[in-house]
Amino acid sequence: MKIAMIGTGYVGLVSGVCFSDFGHDVICVDRDPAKIAMLEAGEVPIFEPGLDTLMNKNVEAGRLSFTTDLKTAVEGAEAVFIAVGTPTRRGDGHADLSYVMAAAEEIAMAASDYLVIVTKSTVPVGTNRQVKQVVKKARPDLEFDVASNPEFLREGAAIDDFMKPDRIVVGVQTERAGEVMADIYRPLYLRDFPILTTDLESAEMIKYAANAFLAMKITFINEIAALCERTGADVKRVSHGIGLDGRIGNKFLHAGPGYGGSCFPKDTKALARIGQEHGLPMQITEKVITVNEEIKRRMTEKLRDLCDGSFNGKTIAVLGVTFKPNTDDMRDAPSLTIVPALVGGGAKVRVVDPQGRREGEALLPGVSWHDDPYKAANNADLIVLLTEWNEFRALDLKRLAKKMATPRMADLRNIYDPKDARRAGFEAYEPVGRAGYGPTPEA
């Protein structure tokens with residue numbers, strides 16, 4: 001099949017590359033000539049493990065190409081995917097659909113034969129019907145269908161998620177559109193991955209409901225972590241204990257500094273806004289948003305306590321600033337709340353992150369960037385483990401402690417054991433939701 005993918009951001013590029021690996025003929029479209037030139041040169045503008053290799057393999061096979069010319073891409077395509085951004089609109093928390101509607105209109109003007117216009121972007125309930133009206137208005141003569149096909153890709157594991165999905169969700173209005181979508185995903189169907197075909201509204205709602213539920217799960221365990229600190233319980237044992245219940249499951253139960261990224265913050269806000277517009281406030285989701293911000297601020301106070309009540313004049317090494325490991329994405333990362341508080345409080349902040357510098361230099365002014373955690377720890381007063389990159393999971397704690405002016409650690413991902421930190425020479429160690437220890441009297 002010939003497929004056009006409008007948008008070469010995270011979702012569009014990963015989806016386009018993976019569809020081409022299914023054997024489809026895929027053209028990825030973007031308005032940015034610099035991005036297209038980069039892709040044509042075999043370079044990937046985002047960090048996603050394995051994406052560059054898979055992309056170049058399919059380019060060489062002649063199944064994948066890139067262009068700024070939407071009309072050429074749409075010509076002869078049986079399906080055109082809209083994978084443009086839907087950022088949170090300023091002022092009201094709603095998803096900004098201007099890019100989606102603009103793409104729909106351009107597709108309508110470029111199309112000549114029947115095609116299925118598929119919304120891959122995350123959009124509020126009712127958007128696909130709006131897309132249909134936009135296309136009808138622009139081209140009353142065009143024969144087409146619309147479909148909703150939300151993505152469920154985890155950054156850092158997107159290729160595996162696409163190729164081995166928990167489920168594929170497809171919302172359609174006609175059998176013909178359903179057949180086209182079934183043909184696109186046939187390689188997964190033949191391998192017995194579940195394909196759920198629904199109406200448009202249910203497909204749109206599934207995406208928001210799934211992300212809001214996962215955000216709630218993260219926020220719940222972070223609240224439990226705070227209570228564990230007050231009561232003497234260990235959140236790692238609590239998480240393990242409740243995760244063994246098959247009704248709960250063990251995923252997304254790791255306590256930390258709050259969720260961030262491209263999906264959870266944006267989608268929870270959008271779902272809350274959808275509820276308000278329909279006169280049914282999403283009270284749990286609204287509370288999740290509030291509590292998540294409180295958790296980030298609580299992490300800042302943890303760090304302040306480790307700095308004897310003030311960041312002023314302190315040197316602090318921060319390990320990891322992307323919202324999660326194996327991505328360069330900084331969107332709504334906890335670091336964007338925590339690090340500015342350190343800098344604003346008068347600290348000298350050194351940052352180490354394998355992929356965060358490209359975006360982080362603009363988002364985190366006033367910090368210095370380092371490649372080596374041991375050099376960043378030299379004469380530091382505090383080291384903060386903020387993102388659990390593999391590079392930070394097996395550090396030589398004794399070496400780190402010896403390099404520091406005051407060997408203190410805030411382990412906001414619970415990577416290390418307090419006993420190991422004490423044996424290594426750290427005078428203070430503060431995890432999340434479990435017992436740490438403060439400076440000894442002699443320290």
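A pocket is an open set of grid points with protein on both sides within 12 Å along at least five of seven lines. In the present model, which is predicted, the second largest pocket holds about 1,200 Å³ of space. Its lining is made up of 46 residues, and those that lie nearest the centre of the pocket are Gly9, Val84, Gly85, Thr86 and Arg331. Helices H1, H5 (98-110), H12 (264-277) and H15 (357-363) each supply at least two residues of this lining. The largest share comes from H5, with 5 residues. When the lining of the second largest pocket is sorted by class, 17 residues are charged, 16 are nonpolar and 13 are polar.

Helix H5 also contains Ser98. This residue has a relative accessibility of 40% and therefore counts as partly exposed, since that class lies between the limits of 20% for buried and 50% for exposed residues. Ser98 and Pro87 are separated by 11 residues in sequence, and their C-alpha atoms are 9.7 Å apart in space.

An enclosed space was also sought. A search of the whole structure finds 1 cavity of 30 Å³ or more. About 40 Å³ of space lies in the largest cavity. The residues lining the largest cavity are Thr119, Ser121, Thr122, Val123, Ser148, Pro150, Glu204 and Lys207. By class, this lining has 4 polar, 2 nonpolar and 2 charged residues.

The nonpolar interior was examined next. The largest nonpolar core has 42 residues, of which Phe19, Phe81, Met181, Ile184 and Tyr185 touch the most other members. Helix H1 (residues 10-21) gives the most to this core, with 7 residues. A second, separate core consists of 35 residues, including Ala77, Val135, Leu200 and Ile274. Within the largest core, Phe81 is one of the residues that touch the most other members. When residues up to four places away in sequence are not counted, Phe81 touches Ile3, Ala4, Met5, Ile6, Phe19, Val118, Lys120, Asn149, Met181 and Ile184.

Strand S12 (residues 382-385) is covered on both faces. In a regular strand, the side chains alternate between the two faces of the sheet. Leu382 and Val384 are buried on one side of S12, while Ile383 and Leu385 are buried on the other. Strand S9 (residues 315-319) runs parallel to S12 and is joined to it by 4 bridges. In this pairing, Val384 of S12 is the bridge partner of Val318. S12 also pairs with S13 in the parallel sense, over 3 bridges. Here Leu385 stands opposite Asp411 in S13. Val384 and Leu385 thus lie on opposite sides of S12, and both are buried.

Strand S13 (408-411) is followed by a loop that leads to helix H18 (418-424), and Asn414 is placed in this loop. Is Asn414 buried or exposed? Its relative accessibility is 6%, so Asn414 counts as buried, the limit for that class being under 20%. With its neighbours within four places in sequence left aside, Asn414 is in contact with Val235, Lys236, Ala255, Pro431, Val432 and Arg434.

Technical notes:
Residues are numbered from 1 along each chain as its sequence is written. This is a predicted model: local features need pLDDT of at least 70, side-chain atom pairs count only at pLDDT 80 or more; totals for chains, interfaces and linings use all residues. Side-chain values use heavy atoms; hydrogens and water are left out. Buried means under 20% relative accessible area, exposed over 50%, partly exposed in between (1.4 Å probe, protein chains only). Contact means heavy atoms within 4.5 Å. A nonpolar core is a set of buried Ala, Val, Leu, Ile, Met, Phe, Trp, Tyr and Cys residues joined through side-chain atoms within 4.5 Å. On a 1 Å grid over the protein atoms alone, a cavity is a set of points where a 1.4 Å probe fits but cannot get out, and a pocket is an open set with protein on both sides within 12 Å along at least five of seven lines; lining residues have an atom within 4 Å of a point. Grid points are joined across faces, edges and corners, and a volume is the space filled by probe spheres set on the points. Ala, Val, Leu, Ile, Met, Phe, Trp, Tyr, Cys and Pro count as nonpolar, Asp, Glu, Lys and Arg as charged, and the others, Gly among them, as polar. Two strands pair if DSSP finds at least two bridges between them.
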